[in-house]
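Colleague: Could you take a close look at one part of this model for me, the charged surface patch and its surroundings? I would be glad of a connected account that also places that part within the whole chain.

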Amino acid sequence: MIDKQTKEIRQDEDQTVYKSLDELAEDLPDHAPRFVLLSYPLTLPSGRLSVPYVMLYYLPTTCNSELRMLYAGAKELMRNTSEVTRILDLESAEELEEVPEKLASH
């Protein structure tokens, strides 16, 4: 999350490691953006195991314009700092269901 006062990108107080995307979906706020670093194991159509390291850029349509601008400005910095291979943009927690499919198609 980004601290609005200091403009610092920091980990949310909740230090949870999620075991499923459903658990993550339950904890995402309805009106605030988040950057989520995700290492998600999946089996490719070839049968090979892959564990891509990606960033979820969660930007719900209900968040205010100040937060939208703050997170949009930090997106590339977060990408470069975390060294993820890909960014997936999400507008709702329900879109987490599509993540495995999106990762497999890349």
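Modeller: Happy to! One cut-off first: a residue is called exposed when its relative accessible area is over 50%, buried when it is under 20%, and partly exposed in between. Please keep in mind that this is a predicted model.

Let me begin with the patch itself. On the surface, negative charge gathers in a patch formed by Asp 22, Glu 23, Glu 26, Asp 27, Asp 30, Glu 94 and Glu 97. Asp 22 makes a good entry point: its place is in helix H1, which covers residues 21-27. The relative accessible area of Asp 22 is 55%, so this residue is exposed.

A little further along the chain comes a contrast. Leu 28 sits in the loop between H1 and strand S1, the latter being residues 34-39. Its relative accessibility is 10%, so Leu 28 counts as buried. If you would like a distance to check in your viewer, take Leu 28 and Val 51: they are 23 residues apart along the chain, and 22 Å separates their C-alpha atoms.

Now for the wider setting. The protein has three helices and five strands, and from the N terminus on these elements run α-β-β-β-β-α-β-α. The C-alpha trace spans about 45 × 25 × 25 Å along its principal axes. For 106 residues, a compact globule would have a radius of gyration near 13 Å, and the 14 Å of this protein agrees with that. Of the 106 residues, 39% are buried, and Leu 28 is one that counts as such.

Since you may want to look at backbone angles too, two residues deserve a stop. Lys 7, in the segment before H1, is not a glycine, yet it has a positive phi of about 65 degrees. Lys 7 counts as exposed, because its relative accessibility is 53%. The other stop is Glu 83, in the loop that runs between helix H2 (65-82) and strand S5 (86-90). Here too phi is positive in a residue other than glycine, with a value near 60 degrees. With a relative accessible area of 63%, Glu 83 is exposed.

To come back to your patch: Asp 22 in helix H1 is one of its residues, and Glu 94 and Glu 97 are also among them. For a quick tour, you could start at exposed Asp 22, go on to buried Leu 28 in the loop after H1, and finish at Glu 83 with its positive phi.

Terms used
Residues numbered from 1 in each chain as written. Predicted model: local features only at pLDDT ≥ 70, side-chain atom pairs only at ≥ 80, totals over all residues. Heavy atoms only, no water. Patch = residues over 30% accessible without salt bridge, like charges linked within 9 Å, V, L, I, M, F, W, Y side chains within 5 Å. Areas by Shrake-Rupley, 256 points an atom, 1.4 Å probe, with all protein chains shown as cover. Salt bridge = Lys/Arg side-chain N within 4 Å of Asp/Glu carboxyl O. Lys, Arg positive; Asp, Glu negative; His and termini not counted. Charge placed at Lys NZ, Arg CZ, Asp CG, Glu CD. Helix = DSSP H or I, 4+ residues; strand = E, 2+ residues; numbered from the N terminus. Buried < 20%, exposed > 50% of the residue type's maximum accessible area, 1.4 Å probe, protein only. Rg over C-alpha atoms; globule rule 2.2 N^0.38 Å.
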